[in-house]
Amino acid sequence: MTTNILPVHFEHPLSADERTHLIAALEPDVAVTEGPALPDPAVYRVLVAGRPSRAALEASPYLERVIIPWAGLPEETRLIMPDFPHISIHNLHHNAAPVAELTLMLLLAAAKFTLRYDAALRSGDWRIRYDRPGPSVLLEGRTALILGYGAIGRRVARACRTLGMRVLATRRQVEQPYVEEDAAIYPASALPVLLPQANALIICLPLTPETDGLIGPAELALLPPKAVLVNIGRGRIVDEKALYEALQTGRLHAAGIDVWYSYPPDESSRAHHRPSAYPFHELDNIVMSPHRGGAADETARLRMTALAELLNAAAHGKPIPNRVDLNVGY
């Protein structure tokens, strides 16, 4: 195919809002088609899909790249892509700011037992105000441990530093510890040494074979008393049973969770589906969020702007960032 136009296909239709933002940000030499019906002829060089179908991957002999329009690698995509070794995969990190903001909200709400205070006052009960000592924990002067020091983790580190916290973090690529402005960075292998220092454990990792079940009973037991855990990565990174029991017994002081173990299988079950086999909803030392960390009024604009940057770069033959390593899962 000899043309200066970059053909791009979206396997799922864009919303009107997404289309407006995308077209405004794209350069003229990017041509877009969309929808489950593949273009004929199928000559696209970039496919935008979180879970690309085999048909879409096979249809175009010119396909070079798949862009997943969020951060992460779905399991079904990880399993299918080794059959297409000539195609690179790239992520978007447009939602880093809203997810970092939600992380901070969960940390503060859990540490300060906001929901317990709110529920009491809604019923006219002021007695909790006079409890001495109350359940709230002080974060200033304490240590935050951030697992996953990427686009989200860096923002969370800055926020924790602003709160007066000492920040430690882990990164996959790190071999030796080093210090940045907002955090001391360690290799993932240092986790057993870092956990006993973590008054707040904040998980910003993707789910990979290496991170699945990373935080289990032994790791939770290493945390100091009155520790708070926040998970905005993926549910299975923290062992489900161990997390529930640690919260129920008070071994873990509080938690804020945006990612879960069970999701509604269809639209009809969305109004009555528990996110876990364990009754987290009965505990008042957990703040539960329905995996909405990246949601904001500006999400469509942020996603389409970030996507346009990648597509414009590809159209000009420039390197495309955020390439996913299939071997490690991100």
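**Where is Pro-133 found?**

This is a predicted model. The exercises below work through its cis prolines, helix packing, cysteines and single residues.

**Exercise 1. Locate the prolines that follow cis peptide bonds.**

*Solution.*
- Step 1. Pro-133 sits in the loop between α5 (114-122) and β6 (143-147).
- Step 2. Check the bond before Pro-133. Arg-132 and Pro-133 are joined by a cis peptide bond, with omega about -10°.
- Step 3. Turn to Pro-41. The loop between β2 (30-34) and β3 (46-48) holds Pro-41.
- Step 4. The peptide bond from Asp-40 to Pro-41 is also cis, and its omega is near 10°.

**Exercise 2. Describe how helix α4 packs on helix α6.**

*Solution.*
- Step 1. Start with the geometry. Two packed helices are described by the angle between their axes and the distance between the axes.
- Step 2. For α4 (residues 96-111) and α6 (residues 151-162), the angle is about 45° and the axes are 9 Å apart.
- Step 3. Classify the angle. Angles under 35 degrees count as roughly parallel, and 65 to 115 as roughly perpendicular. The helices α4 and α6 are therefore oblique to each other.
- Step 4. Give the hand. The crossing of α4 past α6 is right-handed.
- Step 5. List the residues that meet. From α4 come Ala-96, Ala-97, Val-99, Ala-100, Thr-103, Leu-104 and Leu-107. From α6 come Ala-151, Ile-152, Arg-155, Val-156, Ala-159 and Cys-160.
- Step 6. Sort this contact by class. It has 11 nonpolar residues, one polar and one charged.

**Exercise 3. Place Thr-103 in its surroundings. Is Thr-103 buried or exposed?**

*Solution.*
- Step 1. Thr-103 belongs to helix α4.
- Step 2. Thr-103 has a relative accessible area of 1%, so it is buried.
- Step 3. Set aside neighbours within four places in sequence. Thr-103 then contacts Val-156, Ile-202, Val-230 and Ile-232.
- Step 4. Link back to the packing. Val-156 is among the α6 residues in the contact with α4.

**Exercise 4. Do the same for α1 and α10.**

*Solution.*
- Step 1. The axes of α1 (residues 16-25) and α10 come within 8 Å. They cross at roughly 35°.
- Step 2. The crossing of α1 past α10 is right-handed.
- Step 3. On the α1 side, the contact uses Asp-17, Glu-18, His-21, Leu-22 and Ala-25. On the α10 side, it uses Ala-300, Arg-301, Arg-303, Met-304, Leu-307, Ala-308 and Asn-312.
- Step 4. By class, the contact of α1 with α10 has six nonpolar, two polar and four charged residues.

**Exercise 5. How many disulfides does the structure hold? Explain the result for Cys-160 and Cys-204.**

*Solution.*
- Step 1. The count is zero disulfides.
- Step 2. Recall the bond. A disulfide is a covalent bond between the sulfur atoms of two cysteines.
- Step 3. Apply the cut-off. The two sulfur atoms must lie within 2.5 Å.
- Step 4. Take Cys-160. Its closest cysteine sulfur is in Cys-204, 9.0 Å away, which is too far for a bond.
- Step 5. Take Cys-204. The closest cysteine sulfur is that of Cys-160, again at 9.0 Å and too far for a bond.
- Step 6. Add the accessibility. Cys-160 is buried at 0% relative accessibility, and Cys-204 is buried at 13%.

**Exercise 6. Which residues other than glycine have a positive phi? Discuss Lys-226 and Asn-322.**

*Solution.*
- Step 1. Lys-226 has a phi near 65° and is not a glycine. Its place is the loop between α8 (217-222) and β11 (228-231).
- Step 2. Asn-322, also not a glycine, has a positive phi of about 65°. Asn-322 occurs in the segment after α10.
- Step 3. Asn-322 is partly exposed, at 28% relative accessibility.

**Exercise 7. Characterise Val-324 and Tyr-186.**

*Solution.*
- Step 1. Val-324 lies in the segment after α10 (299-315). With a relative accessible area of 7%, Val-324 is buried.
- Step 2. Beyond neighbours within four places in sequence, Val-324 contacts Leu-73, Ile-89, His-90, Asn-91, Gly-329 and Tyr-330.
- Step 3. Tyr-186 lies in strand β9 (residues 184-187). It is partly exposed, with a relative accessible area of 24%.
- Step 4. Not counting residues up to four places away in sequence, Tyr-186 touches Leu-168, Ala-169, Thr-170, Arg-171, Val-174, Pro-177 and Leu-194.
- Step 5. Follow one partner. Ala-169 is 17 residues from Tyr-186 along the chain, and their C-alpha atoms are separated by 6.1 Å.

Technical notes. Residues numbered from 1 in each chain as written. Predicted model: local features only at pLDDT ≥ 70, side-chain atom pairs only at ≥ 80, totals over all residues. Heavy atoms only, no water. Axes fitted to C-alpha atoms, helices over the stretch in contact; angles between N-to-C directions. Helix = DSSP H or I, 4+ residues; strand = E, 2+ residues; numbered from the N terminus. Parallel < 35°, antiparallel > 145°, perpendicular 65-115°, else oblique. Left-handed = near helix turned anticlockwise from the far one by under 90°. Contact = heavy atoms within 4.5 Å. Nonpolar A, V, L, I, M, F, W, Y, C, P; charged D, E, K, R; others polar. Buried < 20%, exposed > 50% of the residue type's maximum accessible area, 1.4 Å probe, protein only.
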